[in-house]
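Reader: I am new to protein structures and would like to learn how to look at one. Could you show me an example and take my questions step by step?

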Amino acid sequence: MVNSRLIQSVSFTSLRTFAVGVIVLASLVVPCRMSAQREYSPNFAIGGKAGATLSRMSFSPEVHQKFTQGMTMGLAARYTEEKYFGLIAEINFTQRGWDEDFVRDEAPQFNYTRTLNYVSIPLLTHIYFGSNKVRGFFNLGPEVSFMLSNSISANFDYENYKSIPDFPQGYRTNEQLNKEIERKFDYGIAGGAGVEFIVKKKHSFMLEGRYYFGLGNIYKDSKRDFFAASRNQSIEVTLKYMIRVK
């Protein structure tokens with residue numbers, strides 16, 4: 001157990017170092033490129049977004065789970081230099097969480113879903129290309145989140161699952177079923193790609209697919225704690241409306 005946690009810790013530390021390096025490099029390169037493009041008049045746009053999420057957790061020890069559906073909506077602001085590069089900041093309400101996979105345990109009569117409601121704030125480097133009508137784009141950057149609330153939907157008494165005669169135990173992880181969330185602050189890396197359709201001159205619609213990789217844990221992760229990892233992972237598909245104000 002100690003060795004596996006040590007190996008995981010080393011690999012995760014390497015991944016986190018790489019991710020931080022990407023963010024730092026992007027934050028250094030983008031302002032320089034934007035400064036070099038001063039001959040292009042900048043523009044500033046604001047808008048709103050809404051869409052769906054597919055989420056699960058990265059647990060260690062492993063938890064038998066599948067993706068759970070949720071929603072996301074929020075406000076966005078974009079600053080660009082009209083030549084390939086820009087920045088996007090958002091404030092969103094985002095649902096994450098997980099759905100226990102009891103079919104895998106040959107106990108399909110049980111179901112359990114945990115929904116985590118976050119306010120999330122991504123700050124993304126925006127790289128775009130294309131014409132004045134249709135553009136492709138990539139977004140990448142850090143994201144911080146704070147959990148507002150969480151809820152559980154289950155068809156069994158998850159607080160006393162050990163007393164249920166036919167409940168699968170021994171060969172599956174069940175510690176998370178009745179465990180309180182211990183860390184509400186989360187942080188990670190968000191990256192996505194999509195297409196923007198420009199309507200007239202100041203209005204546009206952006207269709208984006210985005211992946212979020214959490215670096216924080218929702219449960220404590222010391223050697224004395226049960227979970228070595230409990231990190232958010234989610235896929236978001238959103239439609240965003242933007243209007244240019246400058």
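Author: Gladly! One idea to start with: two strands pair if DSSP finds at least two bridges between them. Please keep in mind that this is a predicted model.

Reader: Thanks! Which elements make up the secondary structure of the protein chain?

Author: Reading along the sequence helps here, and the pattern is α-β-β-β-β-β-β-β-β-β. Counted up, the secondary structure comes to one helix and nine strands.

Reader: How many bridges join S1 to S3, and which way do they run?

Author: Strand S1 covers residues 43-60, and strand S3 covers residues 68-80. One pair of partners to look for is Gly 47 and Ala 76 in S3. S1 and S3 run antiparallel, and the number of bridges joining them is 13.

Reader: In S4, what is the bridge partner of Tyr 79?

Author: S3 also pairs with strand S4, residues 85-100, through nine bridges, and these two run antiparallel. Follow Tyr 79 across to S4 and you arrive at its partner, Leu 87.

Reader: Along S3, which side chains point to one face and are buried?

Author: In a regular strand the side chains alternate between the two faces of the sheet. Along S3, Gln 69, Met 71, Met 73, Leu 75, Ala 77 and Tyr 79 point to one face and are not buried. Those that point to the other face and are buried are Thr 68, Gly 70, Thr 72, Gly 74, Ala 76, Arg 78 and Thr 80.

Reader: How many bridges join S5 to S6?

Author: A hairpin of three residues connects S5 to S6. The two strands run antiparallel, and Tyr 118 has Met 147 as its bridge partner in S6,. The number of bridges joining S5 to S6 is 17.

Reader: And which residue of S7 does Val 144 stand opposite?

Author: S6 runs antiparallel to S7 too, with 13 bridges between them. Opposite Val 144 in S7 stands Tyr 187.

Reader: Why does the pair of Tyr 112 and Phe 156 count as tilted, and at what angle are their planes?

Author: Planes under 30 degrees apart would count as stacked and those over 60 as edge-to-face, so anything in between is tilted. The ring centres of Tyr 112 and Phe 156 are 6.3 Å apart. The pair is tilted because the planes lie at 35 degrees.

Reader: How many residues apart along the chain are Tyr 112 and Phe 156?

Author: Tyr 112 belongs to strand S5, while Phe 156 is in the loop between S6 and S7. Both residues are buried, and the pair links distant parts of the chain. Along the chain, they are 44 residues apart.

Reader: Which residues form one aromatic cluster with Tyr 112 and Phe 156?

Author: Phe 156 is in contact with several aromatic residues, including Phe 102, Phe 110, Tyr 161 and Phe 167. The cluster joins Tyr 112 and Phe 156 with Phe 102, Phe 110, Tyr 158, Tyr 161 and Phe 167.

Reader: In the largest nonpolar core, which residues have the most contacts?

Author: This core has 20 residues, and its largest share, three residues, comes from S5. The residues with the most contacts inside the core are Phe 156, Phe 167 and Ile 218.

Reader: Is Met 206 buried or exposed?

Author: Met 206 lies in strand S8, residues 203-214, and is part of a second, separate core of seven residues. Among the residues it touches are Ile 88, Phe 137 and Met 242. Buried means under 20% relative accessible area. At 1% relative accessibility, Met 206 therefore counts as buried.

Reader: What about Gln 233, is that residue buried or exposed?

Author: Gln 233 is in strand S9, residues 229-244. Its contacts include Leu 54, Arg 56 and Tyr 212. Because its relative accessibility is 18%, Gln 233 counts as buried.

Reader: Last one: over the ring of which residue does the charged end of Lys 179 sit?

Author: Here is a similar case to find as well: Arg 56 lies over the face of Phe 67, at 5.8 Å from the ring centre. For Lys 179, the charged end is 5.5 Å from the centre of the ring, which belongs to Tyr 219.

Notes. Residues are numbered from 1 along each chain as its sequence is written. This is a predicted model: local features need pLDDT of at least 70, side-chain atom pairs count only at pLDDT 80 or more; totals for chains, interfaces and linings use all residues. Side-chain values use heavy atoms; hydrogens and water are left out. Helices (H or I, at least four residues) and strands (E, at least two) are DSSP runs, numbered from the N terminus. Buried means under 20% relative accessible area, exposed over 50%, partly exposed in between (1.4 Å probe, protein chains only). Contact means heavy atoms within 4.5 Å. Rings of Phe, Tyr and Trp (its six-membered ring) pair if their centres lie within 6.5 Å; planes under 30 degrees apart count as stacked, over 60 as edge-to-face and the rest as tilted. A charge sits over a ring if NZ of Lys or CZ of Arg is within 6 Å of the ring centre and within 35 degrees of the ring normal. A nonpolar core is a set of buried Ala, Val, Leu, Ile, Met, Phe, Trp, Tyr and Cys residues joined through side-chain atoms within 4.5 Å. Lists of a residue's contacts leave out its neighbours within four places in sequence.
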